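Thank you all for making time this morning. I would like to walk through one model with you, going from its helices to its cores, its charged pairs and finally a few backbone details.

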Amino acid sequence: MKYIVGLSPTILFIFYLDFLNRALFLLLLYCAFFEKYLLLSVTFYPKMQCEMCGSEKAELYKTKVEGVVLNLCKDCSSFGEVVAPVSKNEAKAKRAEKPAAEELEPEKEVIYLIDSDYASKIRSARERKGLKQEELAKRLALKESLLHSFESGRHEPSISIAKKLESFLGISLVRQEEVEIKQGKKQGQREELTLGDVIKVRKK
Ligand SMILES: [Zn+2]
């Protein structure tokens, strides 16, 4: 004891760190081998979703509720009779099935298109109303030059402006079309749908 007390504080601190290190290592071994891979399971297994309240839990229980067996969390399992705990492998398999089912359903997206004869439609509707370009532009809070470029077919109106024109002039300029997005395009790539893709899909 006297010998240890005689060591410098720095050396003692290093011993202390070494001891902590060993203790942590032993704790990890203990957890892994004697506590049913507790640490590993928390790290590597996905959490499962309770089929009643939707909360994500590490443990679920097969519970019989009014004749139907559901995978429920501990709280919700009190509504029925617990049959057995849900095995991790079962949960993993269920999770793996999910994306496959989603791929079978083709993704659809609604796109808005401006009629190709928008220019003549706008012009004739305006003339029917007996309005000059300047007057119509004022009524819709648009620049006259912009309206002029619509009517001459140089510039396609945006969807929001086209809708304004539709309701004011009583004409139809915008049509909706449902397009199928090619399979394999995932959520993140959705915004990258190019005009080329849309045309390909429509030609089918
Ligand atoms: Zn629950």
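**Helix H7 and its surroundings**

Let me begin with helix H7, where Leu 147, Ser 149, Phe 150 and Glu 151 are buried. I should say at once that this is a predicted model, and everything that follows should be heard with that in mind. The buried residues of H7 pack against three other helices, namely H5, H6 and H8. Just after H7 comes Gly 153, which has a positive phi, near 75°.

To place this helix in the whole, the protein has nine helices and seven strands, and of its 204 residues 24% are buried. Among contacts with a separation of 6 or more, 49% are between residues 24 or more positions apart. The protein exposes about 15300 Å², and 58% of that is supplied by carbon and sulfur atoms.

Now to the cores. In soluble globular proteins, nonpolar side chains tend to be buried together. Here the largest nonpolar core has 19 residues, and those that touch the most other members are Ile 122, Leu 136, Leu 147, Phe 150, Leu 165, Leu 169 and Leu 173. At least two residues of this core come from each of helix H5 (118-128), helix H6 (133-139), helix H7 (144-151) and helix H8 (159-169). Which residues does Leu 169 contact, once its neighbours within four places in sequence are left aside? They are Ile 122, Ala 125, Arg 126, Lys 129 and Leu 136. There is also a second, separate core of eight residues, including Cys 50, Leu 60, Val 65 and Cys 76.

Since cysteines have come up, how many disulfides does the model hold? The count comes to zero when a pair of sulfur atoms has to lie within 2.5 Å. Two further cysteines can be described by their accessibility: Cys 73 is buried, with a relative accessible area of 1%, whereas Cys 53 is partly exposed at 44%.

On the surface, Ile 11, Leu 12, Ile 14 and Phe 15 form a nonpolar patch, and together they have about 360 Å² of accessible area. One of these residues, Leu 12, lies in helix H2, which covers residues 9-34. Leu 12 counts as partly exposed because its relative accessibility is 35%, and that value lies between the limits of 20% and 50%.

Let me turn to the charged pairs, of which the structure holds seven that qualify as salt bridges. Asp 115 takes part in two that I want to show. In one, Asp 115 pairs with Lys 121, and the closest N and O atoms are 2.7 Å apart; in the other, Asp 115 pairs with Arg 175, with the closest N and O atoms 3.1 Å apart. The pair with Arg 175 links distant parts of the chain, given that Asp 115 sits in the loop between strand S6 (107-114) and H5, while Arg 175 is in strand S7 (residues 174-181), 60 residues apart. Asp 115 counts as buried, at 13% relative accessibility, while Lys 121 is partly exposed at 24% and Arg 175 is partly exposed at 32%. With Glu 177 added, Asp 115, Lys 121 and Arg 175 are linked in a network of salt bridges.

Another salt bridge returns us to H7, for Glu 151 pairs with Arg 123, the closest N and O atoms being 3.9 Å apart. This pair also links distant parts of the chain, with Arg 123 in helix H5 and Glu 151 in helix H7, 28 residues apart. Is each partner buried or partly exposed? Glu 151 counts as buried, at 5% relative accessibility, and Arg 123 counts as partly exposed, at 31%.

I will finish with the backbone. Glu 66 is not a glycine, although its phi is positive, about 50°; the residue lies in the loop between strand S3 (61-65) and strand S4 (68-72), and is exposed, with a relative accessible area of 82%. Ala 141, also not a glycine, has a positive phi of about 55°; Ala 141 is found in the loop between H6 and H7 and counts as exposed, at 66% relative accessibility.

Methods
Residues numbered from 1 in each chain as written. Predicted model: local features only at pLDDT ≥ 70, side-chain atom pairs only at ≥ 80, totals over all residues. Heavy atoms only, no water. Helix = DSSP H or I, 4+ residues; strand = E, 2+ residues; numbered from the N terminus. Buried < 20%, exposed > 50% of the residue type's maximum accessible area, 1.4 Å probe, protein only. Contact = heavy atoms within 4.5 Å. Areas by Shrake-Rupley, 256 points an atom, 1.4 Å probe, with all protein chains shown as cover. Patch = residues over 30% accessible without salt bridge, like charges linked within 9 Å, V, L, I, M, F, W, Y side chains within 5 Å. Salt bridge = Lys/Arg side-chain N within 4 Å of Asp/Glu carboxyl O. Core = buried A, V, L, I, M, F, W, Y, C linked by side-chain atoms within 4.5 Å.
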